[in-house]
Amino acid sequence: MLGLIVAGATGAFVLYYLVFMSQHATVVTHAAAVPPRVAAALERCPALTQGKFYPLPWLVSGHLQTLAASALRRKPAFTYRRELVPLSDGGQAALDWFMEAQAVAGAAALATPPTQAVMIILHGTNGGSDERYVRHMVMSARRCGFLPAVFIMRGENGTLLTNTTTYSAGGTQDLREVIQHAQRQFPSLPFVAVGFSIGGNILARYIGEDGERCPLRGAVAVSNPLDLWKSCERITKSVLHKLYDGHLATGLVRYARQHLEALAACPAINLTRALATRSAFEYLSSVSCKLWGYDNAHDYCDAHSSLGHLRSVRIPLLCLNARDDPIVCPSALVDAAELVRTDCPYVVMAITECGGHVAWLEPALVRRFRVRAVATAFTVPVYSWADRVCCEFLQATLCA
């Protein structure tokens with residue numbers, strides 16, 4: 001009798017999981033005419049258009065997905081080779097190139113030439129190439145034949161500021177110069193890009209600014225805030241959301257401490273106040289606005305958001321977001337979806353109900369056996385549905 005009860009309960013759970021917890025993404029494209037390149041890319045991306053996202057059942061909210069992705073996900077073990085990239089204003093950024101396990105140290109230690117393209121990966125605020133989500137994206141990209149390189153923003157992840165200019169939430173010139181630098185090394189290969197969180201915001205702005213001149217074949221912006229001001233408001237809404245605000249502020253203050261000399265060169269900045277900030281809004285008001293010449297945080301956010309630049313995109317761009325993202329405001333997703341329908345033919349919005357911020361964690365076996373995914377439903381999270389979608393979409397843009 002007990003065996004029958006257990007079997008029945010297990011069957012009921014399997015049915016509930018497969019029917020109710022799995023979910024298709026809502027895919028939004030231009031209502032009138034989708035360019036052939038974009039349509040062809042979508043046709044070759046079944047993970048997005050035909051498959052489902054199967055979230056780990058113990059990660060049933062955006063908060064849990066986000067926290068698990070940042071704290072529990074195992075880091076793939078591999079090595080980078082850092083290349084410092086001098087910038088035209090005297091500053092420097094960096095590219096962390098994936099290295100094969102058998103590669104030797106030195107200039108010849110770059111990964112073996114890929115079969116497809118170079119993939120530039122942009123990290124989020126206070127991030128770098130060692131973040132869990134970045135390492136998993138790098139590993140997934142390499143398995144799919146890409147040569148991954150992580151763009152390290154100036155002053156981040158152990159890089160030095162060689163002048164008094166820091167990176168900003170929407171500055172695109174550094175990315176533009178880094179891509180040009182990488183293209184000189186691999187002139188015969190196409191380039192694609194993936195940006196996470198604020199990196200997605202910078203990437204989307206860059207693609208929109210360059211329009212027809214953009215050298216990328218395709219791009220994906222993952223958990224792009226789209227409207228920075230709305231995100232600033234969202235992370236102050238509740239006690240739980242303020243945890244993210246505090247975490248962001250801690251990282252920003254750490255960045256300021258590492259680069260006090262650069263900040264001290266701006267007389268408008270009160271360093272004592274800057275180092276005492278406890279929220280992202282305070283940091284924007286006391287540091288970012290002073291550095292970049294804005295009167296207030298609202299003006300800074302408005303000037304650095306990517307939402308308005310989507311109209312000018314002229315390459316296939318996928319914006320991947322979750323409605324339960326604790327950082328990205330749901331109303332920003334509504335605004336973006338409406339903009340894509342009416343005025344952004346080259347942009348695809350893909351929105352899931354669950355997924356969190358830079359997460360979308362799924363069971364280990366979901367890629368091969370949907371039913372057997374339940375057997376690994378309570379394991380430590382490893383795989384991300386977003387990584388699969390990014391690689392499939394970007395592979396498709398190379399063929400489109």
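This passage describes strand β5 and the sheet around it in a predicted model.

The sheet is open and holds nine strands. Their order is β1-β9-β8-β7-β6-β4-β5-β3-β2, with mixed pairing. Strands β1 (26-28) and β2 (79-86) stand at the edges. Each has a single partner strand, so one side of each lacks a neighbour in the sheet. On average, neighbouring strands are turned by 20° against each other, direction ignored.

Strand β5 (residues 147-152) lies between β4 and β3 in the strand order. The two pairings of β5 run in opposite senses: parallel with β4, antiparallel with β3. Strand β4 (residues 118-122) joins β5 over five bridges. Here I121 is the bridge partner of V150, and L122 is that of F151. Strand β3 (residues 92-99) pairs with β5 over four bridges. On this side, D96 stands opposite V150. V150 thus has a partner in β4, I121, and faces D96 as well.

Burial of β5 is complete. Six of its six residues are buried, so the strand is largely enclosed by the rest of the structure. Both faces are covered. L147, A149 and F151 are buried on one side, and P148, V150 and I152 on the other.

Helix α5 (residues 132-143) links into this arrangement. With β4 and β5, α5 makes a right-handed β-α-β unit. The helix packs on the sheet and touches β2, β3, β4, β5 and β6 (191-196). Its direction makes about 155° with that of β5. Helix α7 (residues 198-210) also packs on the sheet. Its contacts are β4, β6, β7 (216-222) and β8 (317-322). The direction of α7 makes about 135° with that of β6.

Conventions:
Residues are numbered from 1 along each chain as its sequence is written. This is a predicted model: local features need pLDDT of at least 70, side-chain atom pairs count only at pLDDT 80 or more; totals for chains, interfaces and linings use all residues. Side-chain values use heavy atoms; hydrogens and water are left out. Buried means under 20% relative accessible area, exposed over 50%, partly exposed in between (1.4 Å probe, protein chains only). Two strands pair if DSSP finds at least two bridges between them. A crossover is right-handed if, with the strands pointing away from the viewer, the path from the first strand over the helix to the second runs clockwise. Axes are lines fitted to C-alpha atoms, for helices over the stretch in contact, and angles run from 0 to 180 degrees between N-to-C directions. Contact means heavy atoms within 4.5 Å.
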